[in-house]
Amino acid sequence: MTMIGSFDFDVIRRSLPYLFLEGMRFTLTLTALAAFGGLVFGTLIALMRLSSYKVLGRIAGFYVDFIRSLPLVLVIFWFYFLVPYIGQWLTGASRPITVGAFASSLITFIAFEAAYFSEIMRAGIQSISKGQPAAASALGLTYAQSMRYVVLPQAFRNMLPVLLTQTIVLFQDTSLVYVLSIPDFLGAASKVAQRDGRLVEMYLFAALVYFVISCVASYGVRRLQARIAIVR
Amino acid sequence: MIEINHVNKWYGPSFQVLKDCTTSVAKGEVVVVCGPSGSGKSTLIKCVNALEPIQGGDITLDGVKVNDPKTDLPKLRSRVGMVFQHFELFPHLRIIDNLRLAQEKVLGRKAEDATAKGMKLLERVGLKDHAKKFPAELSGGQQQRVAIARALAMDPIAMLFDEPTSALDPEMISEVLDVMVDLAREGMTMMVVTHEMGFANKVADRVIFMDRGEIVEDAKKADFFGTPRSDRAQKFLSKILQH
C-alpha cells in the first residue's frame, strides 16, 4: 500500500518531453536506420547465399551463422571499443579514429539485422516460382535486372509482414544500447529514474510504452497480412 | 533461323533428356513439336534461347551460336519471344507495365513509346480495356494473350511457345489459339510445343514428333498426318485424335 501511495505520477509527466523528444526519437531513428540498412545488406547476403558461385554462398552462410551465435549486447559493447581501432587500421591514421556511440551502435545493429533479414529475404526469394526469373530472362533482362524488377519486389511483398515483425523485435532490442550509456528511450527513462530516485515509476512507464507501441505495431502487421492475403 | 544440330542434354550424370536432336526452323516457318509427356519437347524449346544449357551439339539462332560462352545471352533472348505454359506474367505489375518493362529496360525505349506499343498490342489481342488491371484479375486465357503481347512488344524475329494452352480450361484454349493462328498467317517464325493437333493442321508447315528424348519424326504436315512413318508417331496420333 505504501508503495502505491507514494507513487509519483508527476515525475513521468515532468520528464515526458525528454523521454519522447530525445529518448524515443533516438530509439525510432536507430530502429528505422538499422532496419533499412539491415534490409539492404540482408538482401545482398541472401543473393550471395543463393548465388551459383559456391564460394560466395559459403562466405555469406558463415557470416550469418557467426552473427547469430553471438549475444547482441556483447557485440554492441565490443564493437564500440573496437571500431575506432578498425577505422585506424583501415585509414592508416596515427591514432584510433573517433566513432560516436550512435554510429557504432548503428553499425552493430545493421550487421546483426542483415543476418536476420537475409534469412527472411532468402525464404522470400525461394518462394518465387522458377518461371518468373525464366520469363524475365526470356525477355532479355539480365540477372541483375531480373532480380531488381521481377524477383525482389515480389519477395519483399511476400515477406513484408515477417520483415515488419522482425523490425518490432529490433525496436525492442535497440534498448540494449543502454550499455553504452546512450539516452535512447530506456536510457532516458533510466537517467530520470536514477536522478529522481523514482525507479519503479520510470521503469514501469518505460515497460508500458514499449508494450503499447509493440502491440499496436503487431496489430498493424496482422491487418496488413490479411490484406496481402486477399490481394494474392 | 533456328538451327539445332546433334544436341545432347543430360540431367545429372545418367539421365539423357535429349538424344542427338537435329532439326531447323526456317524464316517464316511454323513448326509444331509434339510427343508424349517426358519426351523432351519442352526441354528442347527451352534450349533454343538457352534457358536450359546443353552438353553436346550446337544451336544457332539467326546465325548466332546460342551455346557459345561469349554470346551475349540477354541480347540474344530479347530477339526471340517466348510464351510459357503457366503464362508467367509478373503479378506485382499492371498489365501495361508487364508489357513495358523489357521494352524500357532491355531495348531502352522511352516510357511513352513503350506504353503506345503495349497498348497497340493489347488492342490486337483484344485486351485494351484491361491495361490497368493486375494479372490476377484476368482469366487464364486472357493472361496468356497478355503474355503473347508482352513477347511481341519486343519485335521478336521468332516466337517460341512452350505448351501455351496446356494450363488452360477448355473454353479458353481457342481464344489463345486464334491469336497464334493470326500470328502464323502473318508470317511469324514459330516453334510451338503443343498437343493441339487442330492448330498444327491449320497452320503448321512441319510437325516434329519426339519420344524419349529423340526426334522420331520430322515431316511436312501433310506427310505427318497422312502417313507417319514411325510406329510410335502412329500410336501417339491414334491416341490423341481418337476423341
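What share of the contacts in chain A between residues at least 6 apart in sequence join residues at least 24 apart?

The model is predicted: local features need pLDDT of at least 70, side-chain atom pairs count only at pLDDT 80 or more, and totals for chains, interfaces and linings use all residues. Residues are numbered from 1 along each chain as its sequence is written, chains are lettered from A and ligands numbered from 1 in the order written, and side-chain values use heavy atoms, without hydrogens and water.

**Exercise 1. Describe chain A.**

Step 1. Start with the opening question. The share is 79%. A contact means heavy atoms within 4.5 Å.

Step 2. List the secondary structure. Chain A has 9 helices and 0 strands. These are DSSP runs, numbered from the N terminus: helices are H or I with at least four residues, strands are E with at least two.

Step 3. Check burial. Of the 232 residues in chain A, 44% are buried. Buried means under 20% relative accessible area, exposed over 50%, and partly exposed in between (1.4 Å probe, protein chains only).

**Exercise 2. Trace the largest nonpolar core.**

Step 1. Recall the term. A nonpolar core is a set of buried Ala, Val, Leu, Ile, Met, Phe, Trp, Tyr and Cys residues joined through side-chain atoms within 4.5 Å.

Step 2. Find the centre of contacts. The largest core has 75 residues, and Ile2(B) and Met191(B) have the most contacts inside it.

Step 3. Find the main contributor. Helix α5 (residues 101–126) of chain A gives the most, with 10 residues.

Step 4. List partners of Met191(B). Beyond four places in sequence, Met191(B) touches residues including Ile2(B), Val33(B), Leu44(B) and Phe161(B).

**Exercise 3. Place Gln144(B) and explain its burial class.**

Step 1. Locate the residue. Gln144(B) sits in helix α5 (residues 140–152) of chain B.

Step 2. Apply the cut-off. Gln144(B) counts as buried because its relative accessibility is 0%.

Step 3. Look at its side chain. This side chain of Gln144(B) reaches the backbone oxygen of Phe84(B) at 2.7 Å.

Step 4. Add neighbours from further along the sequence. Gln144(B) contacts Phe87(B) and Pro164(B), among others.

**Exercise 4. Set Phe87(B) beside Arg212(B).**

Step 1. Know the usual sign. Most residues other than glycine have a negative phi.

Step 2. Read the angles. Phi is near 65° in Phe87(B), a positive value. Phi is near 50° in Arg212(B), also positive.

Step 3. Place both. Phe87(B) lies in the loop between β6 (80–83) and α3 (95–105) of chain B. Arg212(B) lies in the loop between β9 (206–211) and β10 (214–220) of chain B.

Step 4. Buried or exposed? Phe87(B) is buried, at 11% relative accessible area, whereas Arg212(B) is exposed, at 57%.

Technical notes
A polar contact is a pair of N or O atoms within 3.5 Å; within protein, one must be able to donate a hydrogen and the other to accept it, and residues adjacent in sequence count only if both atoms are side-chain atoms.
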